[in-house]
Amino acid sequence: MSTLGTCLDAVRAQAPLVHCITNYVTVNDVANVILACGASPIMSDDVGEVEEITSICGGLCINIGTMNARTVESMKAAGVKAESLGHPILLDPVGAGASSLRTNTALDLMDGVRFDAIRGNMSEIKTLIVGSGTTKGVDADAADAVTEETLDSAVHFLKEAAGKMHTILAVTGAIDLVTDGTDCYVIRNGCPEMGRITGTGCQLSGMMTAFLVANKERKLQAAAAAVAAMGLAGETGRAHLASYEGNATLRNRIIDAVSLMDGNALDAGAKMEIM
Amino acid sequence: MSTLGTCLDAVRAQAPLVHCITNYVTVNDVANVILACGASPIMSDDVGEVEEITSICGGLCINIGTMNARTVESMKAAGVKAESLGHPILLDPVGAGASSLRTNTALDLMDGVRFDAIRGNMSEIKTLIVGSGTTKGVDADAADAVTEETLDSAVHFLKEAAGKMHTILAVTGAIDLVTDGTDCYVIRNGCPEMGRITGTGCQLSGMMTAFLVANKERKLQAAAAAVAAMGLAGETGRAHLASYEGNATLRNRIIDAVSLMDGNALDAGAKMEIM
Amino acid sequence: MSTLGTCLDAVRAQAPLVHCITNYVTVNDVANVILACGASPIMSDDVGEVEEITSICGGLCINIGTMNARTVESMKAAGVKAESLGHPILLDPVGAGASSLRTNTALDLMDGVRFDAIRGNMSEIKTLIVGSGTTKGVDADAADAVTEETLDSAVHFLKEAAGKMHTILAVTGAIDLVTDGTDCYVIRNGCPEMGRITGTGCQLSGMMTAFLVANKERKLQAAAAAVAAMGLAGETGRAHLASYEGNATLRNRIIDAVSLMDGNALDAGAKMEIM
């Protein structure tokens with residue numbers, strides 16, 4: 001039976017190689033979490049090699065967190081090549097809405113490349129859909145938060161957008177939503193302390209790309225599995241914190257928890273419903 | 001009553017957004033310590049967006065640790081914009097004295113931007129003041145160390161320089177000195193093991209910027225509070241090390257300690273006098 | 001008596017400054033492990049300063065993990081300068097074989113600079129020697145693994161290549177080989193879990209450069225000592241993992257173990273023979 005857990009097991013079984021063009025803030029954690037889930041990362045952003053690098057990989061993760069004029073060209077070239085090869089491609093539009101350059105870069109990339117999934121917080125995703133997210137830097141604005149009260153309308157909004165955009169939208173926050181326009185996974189794993197760590201979103205994007213590569217025939221479920229795995233790892237990591245351990249140790253313990261998780265544990269711990 | 005601790009509480013209450021143009025060596029730790037103290041970081045260094053990014057933030061931290069020709073232009077543009085908006089701006093002249101390019105870049109930035117604070121080790125700061133620091137790479141030269149014997153003359157020297165430069169100078173080492181030209185905080189927190197970790201200085205610069213933003217009416221005290229908080233976190237972090245834990249774990253525990261610190265703890269732990 | 005341990009003690013006694021032009025994925029860990037072994041790192045990659053920076057250092061570590069057109073020029077300039085000063089220079093050809101650009105960059109660097117040591121996995125090193133390594137991204141291909149069965153032929157192959165190339169070749173994997181063409185150290189420290197952490201190879205390259213600088217009169221032994229120290233640190237780090245700790249914590253504990261290791265411990269723990 002196809003479960004979230006079997007999506008993780010498929011990553012461990014296939015050990016896909018994931019090409020990341022990602023920001024220098026969280027790149028080390030992205031690499032370690034990709035290794036933790038059973039895949040292998042390669043970071044490469046020079047336009048002279050990104051097409052060749054992405055060709056030997058199974059998928060591509062583009063994260064615009066510290067993009068610059070040079071690396072944006074590499075993102076485009078890699079994206080076009082990966083698409084031509086049928087590789088799963090993910091966009092993490094970090095800070096879309098925080099500057100015109102970020103918003104426009106994300107929209108340009110979406111014009112030129114067909115993304116299998118776009119993962120961000122609600123402010124970033126709203127910016128891409130309707131141009132009106134009120135991003136607070138790289139964090140979601142409180143006004144955009146998905147709560148139990150706004151859940152129905154948020155699901156409706158994202159389903160419609162995902163359908164029009166022909167992509168999976170994965171919006172993470174206190175409640176995570178993952179939809180392909182038809183079904184929407186509603187995931188309630190995770191803990192508030194994850195908001196005090198840089199890079200859990202970037203890590204999830206890297207890991208989700210690995211999940212997509214290893215589960216091409218069930219991409220929506222794979223994306224949801226990655227979201228649930230990250231949230232569950234946050235819960236597990238927090239459970240083992242000593243009184244004197246805070247956000248930096250939690251950062252490590254989350255990656256640790258991913259490295260120790262198997263499909264059964266993910267299925268047992270995932271708090272998920274489909275709307 | 002205004003204490004160092006109330007400066008920390010103000011950061012947690014206001015959660016300012018801090019724009020960092022910083023080096024790629026320690027950037028993840030800088031982001032995590034800014035989150036740990038209650039603020040939010042955004043790293044951005046492309047000249048096409050830095051003015052817009054800094055405009056949505058409360059303050060700017062410029063760190064030249066791995067600067068290059070491209071990012072120096074971004075530092076200048078962001079600095080000019082942030083100054084025009086009245087945002088607190090901090091310079092961390094990493095490695096000034098280690099190369100002409102670093103020294104000249106720091107001096108150029110100081111010519112074009114009014115910094116509220118400059119934080120470095122004594123060799124870096126001496127280089128900026130008198131052109132004669134004997135930097136050993138990115139570490140202070142032993143000959144420049146502030147000791148109990150050289151304390152009086154170091155305080156005098158820094159007060160005079162800070163007065164002329166119209167900035168706060170924060171010099172960290174075994175004894176930390178923070179002065180605006182009139183008063184000088186002498187802080188004796190910290191532990192020698194912090195010298196075996198990369199990035200405690202960079203982290204302090206990021207955190208200090210957050211403190212300045214949240215305490216604009218008392219910037220000297222805010223800068224001193226950040227210094228004491230970092231030193232106290234070093235002491236707390238070291239106290240919990242197991243026998244098999246060394247510099248990498250201490251690195252994490254320092255950020256952990258910041259994330260768990262409140263104003264009362266800072267006031268109780270700060271070892272500070274004013275000269 | 002000259003032992004591997006005395007090579008580590010020499011690093012702690014001399015505290016050499018090491019110039020690193022290295023990738024942004026693992027740079028923080030490289031800096032912390034260089035500090036852990038008793039040396040000091042400085043990362044600098046702008047062509048306007050690399051010659052001056054490398055001049056104040058004792059050695060140079062070039063790692064092409066996230067090289068780009070700009071930094072490759074800096075690598076060449078720094079390499080030529082460091083060679084002219086007689087500084088030990090190390091090349092880590094990360095991902096050679098994964099793209100033509102990486103392979104050609106590594107070969108170009110080897111044409112222009114005399115490296116004292118080249119450290120990589122077997123796929124990378126084979127690519128440089130015979131152009132036929134089957135690199136899997138930045139990891140070695142299983143077909144290239146050195147095993148007890150292939151040990152004799154691998155030693156023979158590397159000895160011949162090192163002799164022709166007039167350099168030390170350090171090939172790391174389940175069994176590590178370090179040869180200057182005459183002798184070959186065969187080192188069996190380490191643990192499989194190290195393969196699930198990004199950057200242990202990059203860290204070793206940084207640390208090995210420090211060992212070469214502090215032991216110029218016995219470079220082969222110094223390179224072997226660094227390899228054994230990294231492997232032993234992996235064993236020590238794994239021994240202290242709690243049941244809920246995985247690859248991210250192991251990453252930290254390895255650096256911790258280096259920071260706590262002295263020459264006696266290295267001699268006691270090294271599993272080494274010379275072929």
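Of the 275 residues of chain A in this predicted model, 64% count as buried. The accessible surface of chain A comes to about 8,600 Å², and carbon and sulfur atoms hold 53% of that area. The C-alpha trace of chain A spans about 45 × 40 × 40 Å along its principal axes. A compact globule with 275 residues would have a radius of gyration near 19 Å, and the 17 Å of chain A agrees with this.

The secondary structure of chain A consists of eleven helices and nine strands. Among contacts in chain A with a separation of 6 or more, 72% are made by residues 24 or more positions apart. As for charge, chain A has 20 positive and 32 negative charges, and the mean positions of these two sets are 1 Å apart.

The relation between copies can be followed with chains B and C. Two copies of a chain are related by a rotation about an axis and a shift along it. Here a turn of 120° with a shift of 0.0 Å along the axis lays chain B on chain C, with an RMSD of 0.0 Å. The two copies are therefore related as by a three-fold rotation axis. In chain B, Tyr24(B) has the C-alpha nearest the axis, at 3.6 Å from it. The copies use different surfaces, since 10% of the contact residues of chain B recur in chain C.

Two residues of chain B show the local detail. Asp29(B) is placed in helix α2, which covers residues 27-36 of chain B. Its relative accessibility is 1%, so Asp29(B) counts as buried, the limit being under 20%. Leaving aside residues up to four places away in sequence, Asp29(B) touches residues of three chains: Arg251(A) in chain A, Thr198(B), Gln203(B), Arg251(B) and Ile255(B) in chain B, and Asn28(C) in chain C.

Thr105(B) is placed in helix α5, residues 100-112 of chain B. With a relative accessibility of 6%, Thr105(B) counts as buried because this value also falls under 20%. Its contacts, again without residues up to four places away in sequence, are Ile64(B), Met67(B) and Val72(B). One of these partners, Ile64(B), is 41 residues from Thr105(B) along the chain, and the C-alpha atoms of the two are separated by 8.1 Å.

How values were computed:
Residues numbered from 1 in each chain as written. Chains lettered and ligands numbered in written order. Predicted model: local features only at pLDDT ≥ 70, side-chain atom pairs only at ≥ 80, totals over all residues. Heavy atoms only, no water. Helix = DSSP H or I, 4+ residues; strand = E, 2+ residues; numbered from the N terminus. Rg over C-alpha atoms; globule rule 2.2 N^0.38 Å. Buried < 20%, exposed > 50% of the residue type's maximum accessible area, 1.4 Å probe, protein only. Contact = heavy atoms within 4.5 Å. Areas by Shrake-Rupley, 256 points an atom, 1.4 Å probe, with all protein chains shown as cover. Lys, Arg positive; Asp, Glu negative; His and termini not counted. Charge placed at Lys NZ, Arg CZ, Asp CG, Glu CD. Least-squares fit on C-alpha atoms with pLDDT ≥ 70 in both.
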